[in-house]
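Me: I am new to this structure and should be grateful for a close look at a single part of it. Please choose one helix, describe its surroundings, and then follow the connections outward.

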Amino acid sequence: MRAAIVEAVGKVSVTTVPDPTPGPRDVVVAVAACGICGTDLHILQGEFAPTLPIVPGHEFAGEIVEIGSEVTELSVGDKVAVDPSLYCNECRYCRSGRGNLCDRWNAIGVSKPGGAAEFAVAPVANCVKLPDHIDVKDAALIEPLSCAVRGYDVLRSTLGADVLIYGSGTMGLMMLELAKRTGAAGVDVLDINPERLATASTLGCSRTGASAEEFDRRGGWDVVIDATGNAGAIQDGLGRVAKGGTFLQFGVADYATTAVIEPYRIYNQEITITGSMAVLHSYERAAALFATGVLDPAVFISDRLPLEQYPQAIERFKAGQGRKIVVQP
């Protein structure tokens, strides 16, 4: 089969690799679409993936073409979206229901061969069967949506909150859509990319800007979400949290990124600083939300490229062009 391969740091290509074989409780999925996200850039930079080479792609969906000998829950021909998370189910975090913090955390497309290929193997337990009305080529959006759902689980937002989101890429826009549906009184979005800000306006945010200074909101925001991973945005956002408010680090920063906090202010104003790591008991809920039309794929997916153009897709994403970019075998 054809697959994208991150061969070494900074080097990615598309080549022929052996077809995957399912284990007893696995299925083989003919990939219909695979999304590209910031994690893929980190893998290309030599972060996250424990070893290279690796077939990337943790946001994917497709049709089952082969099942393992012990699979009874799904059948050949079923359309599925795949939760890439792989937990040991033995460490203290797994036993306490915090599998996303697993000491032996793995993921399809990060530490195991992923969906940037014609075919991918996944445990049957990680597959969510899709209803007939969903176009499986759009369902690569379910994995990032499941991360956004986890983010809102962490926030435990109260009704009537004023929300500020840094970044209007795919994840920022998903956080916007969920903020609107979890009772936010207003959602302001920041970005330096005018095209992306235009999309945020189309989706119904309250205000857009290139800097929080444009909003002249001296009291700050109840909820501030960084969806960029950018050091400057993070530092600025930490200073925009209102008394009693919450800062959510949602964007994936480089390992070396740092920010300065003010301990007295955090104490005196009872500010919460928290993070959200990947997926936790949120994939099935994201699939259910997606089936109701919570996201418009025509808005969120800006580019659909053939698998052979995976290197070009990565470059386009790195340059901040478009919104969600997917490759289709």
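Reply: The part chosen here is helix α4 of this predicted model. Of the twelve residues of α4, nine are buried, so the helix is largely enclosed by the rest of the structure. The buried residues are Thr170, Gly172, Leu173, Met174, Met175, Leu176, Glu177, Leu178 and Ala179. A residue counts as buried when its relative accessible area is under 20%.

The length of α4 can be checked against its residue count. Helix α4 covers residues 170–181, and at 1.5 Å a residue its twelve residues should span 16 Å; the C-alpha atoms at its ends are 17 Å apart, which agrees with that expectation. Just after α4 comes glycine 183, whose phi is positive at about 85°.

One neighbour of α4 is helix α3, made of residues 142–155. The two helices pack at an angle of about 55°, and their axes are 9 Å apart. Helices α3 and α4 are therefore oblique to each other, and α3 passes α4 in a right-handed crossing. On the α3 side, the residues that meet α4 are Pro144, Leu145, Cys147, Ala148, Val149, Gly151 and Tyr152. On the α4 side, the partners are Met171, Met174, Met175, Leu178 and Ala179. Sorted by class, this contact has eleven nonpolar residues, one polar residue and no charged residues. Several of the α4 partners are also on the list of buried residues, among them Met174, Met175, Leu178 and Ala179. In general, an α-helix has 3.6 residues a turn, so residues three or four places apart point the same way.

Helix α3 deserves a description of its own. It is mostly covered, with 13 of its 14 residues buried. At 1.5 Å a residue, the 14 residues of α3 should span 20 Å, and its end C-alpha atoms are 20 Å apart, which agrees. Helix α3 is followed by arginine 156, whose phi is positive, near 50°.

Helix α3 also has a second partner, α8. The axes of α3 and α8 come within 8 Å and cross at roughly 115°. These two helices are therefore roughly perpendicular to each other, and α3 passes α8 in a right-handed crossing. From α3, the contact is made by Ile142, Glu143, Leu145, Ser146, Val149 and Asp153. From α8, it is made by Tyr283, Arg285, Ala286, Ala287, Leu289 and Phe290. The residues of this contact divide into eight nonpolar, one polar and three charged. Leu145 and Val149 of α3 appear in the contact with α4 and also in the contact with α8.

Helix α8 leads on to the loop that precedes it. Histidine 281 lies in the loop between β15 and α8, the latter being residues 283–291. Histidine 281 has a positive phi of about 50°, although it is not a glycine. At 59% relative accessibility, histidine 281 counts as exposed. On the other side of β15, glutamate 270 is found in the loop between α7 (263–268) and β15 (272–275). Glutamate 270 also has a positive phi, of about 50°, without being a glycine. With a relative accessible area of 61%, glutamate 270 is exposed. As general background, most residues other than glycine have a negative phi, and most peptide bonds are trans.

A further backbone feature concerns a peptide bond. The bond from leucine 52 to proline 53 is cis, with omega near 10°. Proline 53 lies in the loop between α1 (38–44) and β4 (59–67).

Two further residues complete the picture. Valine 124 lies in the loop between β8 (119–123) and β9 (127–129), and at 6% relative accessibility it counts as buried. Leaving out residues up to four places away in sequence, valine 124 touches Arg25, Asp26, Val27, Val71, Glu73 and Leu74. Aspartate 222 lies in strand β13, residues 221–226, and at 30% relative accessibility it counts as partly exposed. Apart from its neighbours within four places in sequence, aspartate 222 is in contact with Gly160, Ala161, Asp162, Ala242, Gly245 and Thr246. The C-alpha atom of aspartate 222 is separated by 37 Å from that of valine 80, 142 residues apart along the chain.

How values were computed:
Residues numbered from 1 in each chain as written. Predicted model: local features only at pLDDT ≥ 70, side-chain atom pairs only at ≥ 80, totals over all residues. Heavy atoms only, no water. Helix = DSSP H or I, 4+ residues; strand = E, 2+ residues; numbered from the N terminus. Expected span 1.5 Å × (residues − 1). Buried < 20%, exposed > 50% of the residue type's maximum accessible area, 1.4 Å probe, protein only. Axes fitted to C-alpha atoms, helices over the stretch in contact; angles between N-to-C directions. Parallel < 35°, antiparallel > 145°, perpendicular 65-115°, else oblique. Left-handed = near helix turned anticlockwise from the far one by under 90°. Contact = heavy atoms within 4.5 Å. Nonpolar A, V, L, I, M, F, W, Y, C, P; charged D, E, K, R; others polar.
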